[in-house]
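User: Hi! I'd like to walk through the empty spaces and charge pairs in this model with you. Could we start with the cavities?

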Amino acid sequence: MNIGSPSNSSKQPYMTLKVMCRRQCGRSLKTAERTCSTCIRCQTPLQQTQKRGEELLNCRMGFCQEFEVTVHTSPGPTCGTYNRLRLSLIGSQGETPPVTVNDDHHLLPGSVSFISNRSDGTCLVLVRPSGPLGRVVLVRLQLEVQTGFPNLDWHCNRVELRQRAKVQEPRPDGSETQVFLCDKWLRTADGDVELRSGKLCLLAEETEERVKQHRLSQLQRQRQLIRWGVFIEGTPQCLDLKSLSDLGPNLSYTHISPSIDLHYLKGFAGRAEPWTSFSELETAFALSGHQNNIAKFVKAHWMEEWYFGYQSLNGCNPLLLRQTHLIPPNLAVTSDMLRPFLPADSSLEEELQRGNIYLLDYKLLDGLEGNRINGKQTYLSAPLCLLHLNELGQVVPIAIQLQQTPGPQNPVFLPSDPSCDWLLAKIWVHSADFQGHQLVSHYMRTHMMAELCCIATLRQLPEHHPLHQLLMPHIRTSLQINMQARASLLAANGPFDQAVGSGLKTIPDILRRASATIHYRSLCVPDDLLDRGVDKLPHSFYAQDAQRIWDVLYRFVLGWVQLYYGGDKDVQNDSELQNWIADINTHGFSQNAGFPPCFQTEAEVSKFVTMVIFSCSALHAAVNFSQSVLRFVSLQLDFALWLPNCPAAMMRPPPQAKGAVTEQDILSFLPDINSANRVLMTLAMLSQPGVDFVPLCHYREAVFRVDAHRRLLEEVQAELQVITDDIIERNRHLELPYAYLCPSGIENSVAI
């Protein structure tokens, strides 16, 4: 450089500048002397740089950097805030002082805020850190209350960061813009919230120590907030929080349902008495069920044998019917006793061998005491019901024993018995099924499963883990809905306390027994259907639809897993993943439940995650509600509106002899009028999808709009649409449509 002869006192700055230029642009010293007349980073003229050795040192270290920072507020109507936003950039070597984002701007819904006072509106901030910054890896946000204004939460969509150079040179890391996704609510109470850029990744792929520490500190903070608690000893643990407000906005949601028409169910609260006649039952149904075609079909066919079996395959609880090749030793039937109900050229032994005998076993209820409703004792039974697959492909009941222990006071009821005896025996089976359906198939296998996996996910998988992002849309809502259920449905003076036969005293025993006997295979659709022998039954529409949905979900999950795991070795080495399944096992079901103790392969991970997603979406639809593309479907009301088909309690003990029951006697077994209608009103409210219903495998989270994720979504949504179209076409030809697993009507999560 030809700038005159420097004095001895200025030699050091010249030497420093030459070294700096060689480091920054990689040119030879001779070339650098000719071309680097200014600082290559900040364009500070050489003569000015000579005057200030400190500025020169900053330039040599790369501290003089300018960044365009854009803060995006989400577009929802309540996403904005009055609060002041402070922002810092955190690099691999240091961080910048906080900068106020919205001194001259407002964080309005859908707005873009700039950190700049430039007239062109670009988000420009001059960074002069006190130490090395290095590559920017995190953005720190903090909300502060603005005096005189309400302290409102703020929903941040993302922060974008762009390094601005004043000379033509490649941008750091070759990237034009760094995107720091947020897509969540921020509160002043949260303190510092740090966002990171880059794609989702496993811990082993993290190269920056600062980011590794961020990943760890995020989990440590979550573990302080999300703690394990106990609702019932011996069952999967739940969230330990005192109130819903402690969940915070990111784990809370507002469930807004369409208006529920309870007009014809209200007004019976004062009638704590039995129904006087079947005519009175029919009068109540004529108004409460007049718009429900499925309920009308139930009322017309509820006493028919084929329809009893149909409900065990496709009703509220399609998870219990099981093929058997041996008669249970405590079921007192003989071949001669059942011969009239089997093909003329066959026997019980031959039908067992052919796989044509099925069993419903309600042993979970054995020996349990019934609830007290309206001051009256109610009763539980633990039936064994034997069914036969006939030549028409129908599964029909052929024997019912109402208690587990055989004896002279526990007769086996048969289709050839007096009609009222046989009808009452089937009603007892339906009542037992109500208890098992609500508490085990519905609450334990969907709600409790979702909460168990949600807590473990929040505690063990950081937000940047790919499985955290895949799972949370399916399980996030479980924390709130389960807290509400424990505080209302399953609490004193709630429906189970005042209207359901199991009651608060017995519910813990049922859930403990179910938790102790559940097996992982029963939660995985292909294994469950195969083990129960219902996978090939011609009229098992639940089995057919569930298998197809499972297969589509599994392919989707496997594709997601393979985006981030390079093989089975990566699965084995993912400590966060292994901690996740260990946490589920520690706080979940019994050690004999067959859950994987750890994950060895991509296939194992994919199967388990598929099980979680299916349980929280499709299974919940199959046992609670669904919404078809043709009409609203309320599964529980469909089968319960005609009271004798699904009584929530029984007011008299099981009969101990045959031939003593009349039609009027049957009415005296059914729930009192007020409690029966309270159950129906509860089921109506529980069966309402929200107005913001999100269908299966549709996601609102920004992470699912990434190219690789979007391609997977397009594939899975297309496959689910094929299933929807096929179900609609099949149902057009069925007298009784099965729409509960129509994918377009399956909610993405357990939201009610």
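User: What volume does the largest cavity have?

Analyst: Happy to help. Bear in mind that this is a predicted model. The largest cavity has a volume of about 210 Å³.

User: And how many cavities of 30 Å³ or more does the structure hold?

Analyst: There are 10 of them.

User: Back to the largest cavity: which residues lie nearest its centre?

Analyst: Those are Q311, S312, N317, H430 and D433, out of 17 residues that line the largest cavity.

User: Which element gives the most to that lining?

Analyst: That's α11, with five residues. Both α8 (305–314) and α11 supply at least two residues each.

User: How do the lining residues of the largest cavity divide by class?

Analyst: Nine are nonpolar, seven are polar and one is charged.

User: Nice. What about the second largest cavity, how much space lies in there?

Analyst: The second largest cavity holds about 90 Å³ of space. Its lining is made up of L265, W275, L281, A284, F285, S288, L641, L643, A676, N677 and L680. Two elements, α6 (278–288) and α25 (673–686), give two or more residues to that lining.

User: Which element gives the most to the lining of the second largest cavity?

Analyst: Here α6 gives the most, with four residues.

User: And how many charged residues does the lining of the second largest cavity have?

Analyst: None. The lining of the second largest cavity has nine nonpolar residues and two polar ones.

User: Let's switch to pockets. What volume does the second largest pocket have?

Analyst: The second largest pocket comes to about 720 Å³. It is lined by 29 residues, and the closest to the centre are L320, R322, D361, L364 and T517.

User: Which elements each supply at least two residues of the lining of the second largest pocket?

Analyst: The elements are β13 (357–361), α11 (419–460), α15 (503–517), α16 (520–523) and α17 (525–532). Among these, α11 gives the most to the pocket lining, with eight residues. So α11 turns up again: it also gives the most to the lining of the largest cavity.

User: What's the class make-up of the lining of the second largest pocket?

Analyst: The pocket lining has 12 nonpolar, nine polar and eight charged residues.

User: Good, on to charges. How many salt bridges does the structure hold?

Analyst: There are 37 salt bridges. Let me pick out a few. In one of them, D545 pairs with R730, and the closest N and O atoms are 2.8 Å apart. D545 belongs to helix α18 (residues 541–564) and R730 to helix α26 (residues 707–731), so this pair ties together parts that are 185 residues apart in sequence.

User: Are D545 and R730 buried or exposed?

Analyst: D545 and R730 are both buried.

User: Does α11 come into this? I mean, which residue forms a salt bridge with R459?

Analyst: R459 pairs with D583, and their closest N and O atoms are 3.7 Å apart. Because R459 is in helix α11 and D583 is in helix α20 (residues 575–587), their bridge ties together parts that are 124 residues apart in sequence.

User: Why do D583 and R459 count as buried?

Analyst: The cut-off for buried is under 20% relative accessible area. D583 is buried because its relative accessible area is 9%, and R459 is buried because its value is 15%.

User: What about R86, which residue does it form a salt bridge with?

Analyst: R86 pairs with E144, with the closest N and O atoms 4.0 Å apart. R86 lies in strand β2 and E144 in strand β6 (residues 136–144), so the pair ties together parts that are 58 residues apart in sequence. R86 is partly exposed at 25% relative accessible area, and E144 is partly exposed at 29%.

User: Which residues are linked in a network of salt bridges?

Analyst: E95, R140, D192, E194 and R210 are linked that way.

User: Last topic, the surface. Which residues form a nonpolar patch there?

Analyst: Y82, F149 and L152 form one, with about 280 Å² of accessible area together.

User: Where is Y82 found?

Analyst: Y82 sits in the loop between β1 (65–73) and β2 (84–91). With 41% relative accessibility, Y82 counts as partly exposed.

Note on methods. Residues numbered from 1 in each chain as written. Predicted model: local features only at pLDDT ≥ 70, side-chain atom pairs only at ≥ 80, totals over all residues. Heavy atoms only, no water. Patch = residues over 30% accessible without salt bridge, like charges linked within 9 Å, V, L, I, M, F, W, Y side chains within 5 Å. Areas by Shrake-Rupley, 256 points an atom, 1.4 Å probe, with all protein chains shown as cover. Salt bridge = Lys/Arg side-chain N within 4 Å of Asp/Glu carboxyl O. Buried < 20%, exposed > 50% of the residue type's maximum accessible area, 1.4 Å probe, protein only. 1 Å grid on protein atoms, 1.4 Å probe; cavity = no way out; pocket = protein on both sides within 12 Å on 5 of 7 lines; lining within 4 Å. Points joined across faces, edges and corners; volume = space filled by probe spheres on them. Nonpolar A, V, L, I, M, F, W, Y, C, P; charged D, E, K, R; others polar.
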